[in-house]
Amino acid sequence: MDALTLTQVTKKFGRTQVIDGIDLAVAPGEFCVFVGPSGCGKSTLLRMIAGLEDVTSGQIAIGGRQVTDLPPARREIAMVFQSYALYPHLSVRDNMGLALRQAGTPKAEVLASTDRAADMLSLTALLDRRPADLSGGQRQRVAIGRAIVRRPKLFLFDEPLSNLDAALRVATRIEIARLHRELGATMIYVTHDQVEAMTLAHKIVVLRAGRVEQVGAPMDLYNDPDNRFVAGFIGSPAMNFLDAGALGLRSDSLGVRPEHLAISAQGGTIPGRVSHLERLGGETLSYVQTEAHGLLTVRQFGEHDHAVDGPVWLTPDLERAFHFNAEGQRMRA
Amino acid sequence: MSVARRSMARSIAAHAVLIAYVLIALFPVFVIVINSVKSRRAIFADPLALPTAETFDLVGYHTVLRQGDFLLYFQNSMIVTVASLALVLLFGAMAAFALSEYRFWGNSLMGLYLALGIMIPIRLGTVVILQMMVAGGLVNTLTALVLVYTAQGLPLAVFILSEFMRGVSDDLKNAGRIDGLSEYAIFFRLVLPLVRPAMATVAVFTMIPIWNDLWFPLILAPSEATKTITLGSQVFIGQFVTNWNAVLAALSLAILPVLVMYLIFSRQLIRGITAGAVK
């Protein structure tokens with residue numbers, strides 16, 4: 001039995017089609033990430049699963065039970081919001097326990113659940129504080145704790161790390177991955193950051209304009225994208241798209257990852273000029289302006305040096321390149 | 001250094017303007033209060049003089065407290081003001097919540113309709129209101145006044161509160177929904193505490209015109225049992241002779257309750273006015 005099933009789910013705001021016929025199945029215990037550029041409908045889809053938005057047509061089932069017309073509280077879900085959304089007038093303990101108390105759980109049980117969740121997130125020392133007295137990272141931990149306490153069938157995360165600074169974001173990302181392993185719960189996670197998607201997900205759903213572009217494990221999407229959009233969206237720095245015609249190939253465009261472009265000062269297939277160099281220690285990124293293909297990114301591992309404005313030649317590794325037709329669809333050999 | 005001096009000069013100028021404003025605003029109140037404790041002759045001889053041992057006279061207060069049912073008038077004013085205020089805040093906040101929270105057909109049209117009352121004075125409808133009250137048998141009841149004042153206060157309340165409620169985080173309300181709070185619990189337990197400063201602002205702006213109103217008590221409830229304090233004070237103003245001692249004493253007394261209520265709300269009010277300006 002799937003933890004979550006979406007069947008031909010659509011959503012219209014007035015005449016605008018926001019979600020356009022999505023089918024999806026998420027297995028129990030799976031960590032599923034919805035990723036896509038802003039305005040692709042990923043947050044709307046999550047809010048529809050939560051029951052905060054009506055479904056225009058289609059069915060949603062959680063744990064095999066039809067929930068399409070149930071209110072959020074009866075869907076056995078918990079949600080973590082980008083803005084934390086803690087109740088400002090309640091202590092951390094009461095914030096975490098509210099849902100259980102609302103459901104009429106005995107006091108002792110509520111207390112035990114909150115204590116256990118606080119322990120998992122090292123919040124025990126903060127239980128009597130108000131949200132206003134906490135830092136951003138602590139607030140987000142409380143918000144996650146509030147979700148854990150309910151022991152939901154489905155965890156929903158709506159860009160939970162976007163309001164945190166870079167260092168805290170990495171730490172909280174690892175924390176969420178650890179929680180997922182410990183709880184073994186099914187989680188749906190929305191983000192626009194493909195690094196979060198790659199690092200957390202078992203299954204990534206790439207969305208664009210209300211449609212699913214591709215569903216798959218992170219490495220499947222990386223190594224075997226279905227179309228130009230997914231190829232360009234997954235992976236950082238983004239894939240280069242070369243004009244295949246100029247290279248004498250039959251496809252429309254050729255996708256080459258930055259690490260699959262060889263750079264040389266002596267000679268190669270594509271002449272260009274180094275316009276900018278980023279040396280990060282572990283890797284070196286060169287941005288090369290070319291006549292036929294525009295600006296291309298080259299990634300080399302380790303420390304390298306190329307003179308800015310100096311002439312260089314690039315050679316794509318055709319074995320590992322991806323061919324796309326004029327519609328942006330992958331042409332598999 | 002010159003910057004510091006310039007800002008010093010600017011600060012003095014600003015304070016001078018503000019102090020001047022305070023003096024102008026308080027002057028009529030000050031004159032009323034000092035003259036209310038002077039003898040009739042002294043009031044006319046030198047209205048601006050402070051009361052001295054010679055001119056000190058509490059005859060005004062004696063008259064007011066002895067004559068008529070002054071305590072009853074006070075009570076009427078309090079009942080009408082507090083009841084109207086409570087209804088305006090309750091219904092205003094609920095309407096504002098609906099307008100800001102729910103998407104429904106005609107939402108913005110409804111908002112516009114409810115705000116229209118700010119621009120159209122309710123007194124234009126006096127004749128119709130009187131006819132309605134006569135038809136409903138509500139003439140000479142405090143209920144009539146409470147109904148009219150509730151109607152009068154609602155447009156501004158809805159307008160101000162819906163703006164503030166739009167500012168309450170959607171995520172917070174949604175978190176409440178997921179935690180199983182009803183829409184009423186979300187409104188009363190999450191949203192209302194967050195817009196408390198705005199509620200205080202609305203309360204003050206609603207309360208003062210009601211307390212001071214003479215028009216509707218005179219037309220809808222002029223009976224002895226339902227007179228409000230402003231109407232009650234009018235008995236001392238005659239066509240030919242006015243008992244100035246009593247009028248001034250009555251007015252001085254009428255300031256007190258509204259002052260107390262203002263002080264209760266003012267802490268919240270200041271937070272309401274500066275909301276957004278200071279984070």
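Trainee: What makes a residue of chain B count as buried, and what share of the chain is that?

Mentor: The test is 20 or more other C-beta atoms within 10 Å of the residue's own. In this predicted model, 34% of the 279 residues in chain B pass, so that share is called buried.

Trainee: How do you know which kinds of element chain B has?

Mentor: Helices need DSSP runs of at least four residues, strands at least two. Chain B comes out with 13 helices and 0 strands, so its pattern along the sequence is written with α throughout: α-α-α-α-α-α-α-α-α-α-α-α-α.

Trainee: Why are there two sets of bounds for chain B?

Mentor: Because the domain assignment splits it into domain 1 (1–57) and domain 2 (62–274). Their centres, taken over C-alpha atoms, are 31 Å apart.

Trainee: What makes us say that domain 1 and domain 2 of chain B are in contact?

Mentor: A contact needs C-beta atoms within 7 Å. By that rule, 7 residues of domain 1 of chain B touch 7 residues of domain 2 of chain B. On the domain 1 side, helix H1 (2–36) and helix H2 (40–45) of chain B each give two or more residues, and H1(B) gives the most, with 5. That side divides into 4 nonpolar, 2 polar and 1 charged.

Trainee: How far apart in sequence are the contacting residues in chain B?

Mentor: Take contacts between residues at least 6 apart: 75% of them join residues at least 24 apart.

Definitions and conventions
Residues are numbered from 1 along each chain as its sequence is written. Chains are lettered from A and ligands numbered from 1 in the order in which they are written. This is a predicted model: local features need pLDDT of at least 70, side-chain atom pairs count only at pLDDT 80 or more; totals for chains, interfaces and linings use all residues. Two residues are in contact if their C-beta atoms, placed from the backbone, lie within 7 Å. Ala, Val, Leu, Ile, Met, Phe, Trp, Tyr, Cys and Pro count as nonpolar, Asp, Glu, Lys and Arg as charged, and the others, Gly among them, as polar. A residue is buried if 20 or more other C-beta atoms lie within 10 Å of its own, exposed if 12 or fewer, and partly exposed in between; C-beta atoms are placed from the backbone.
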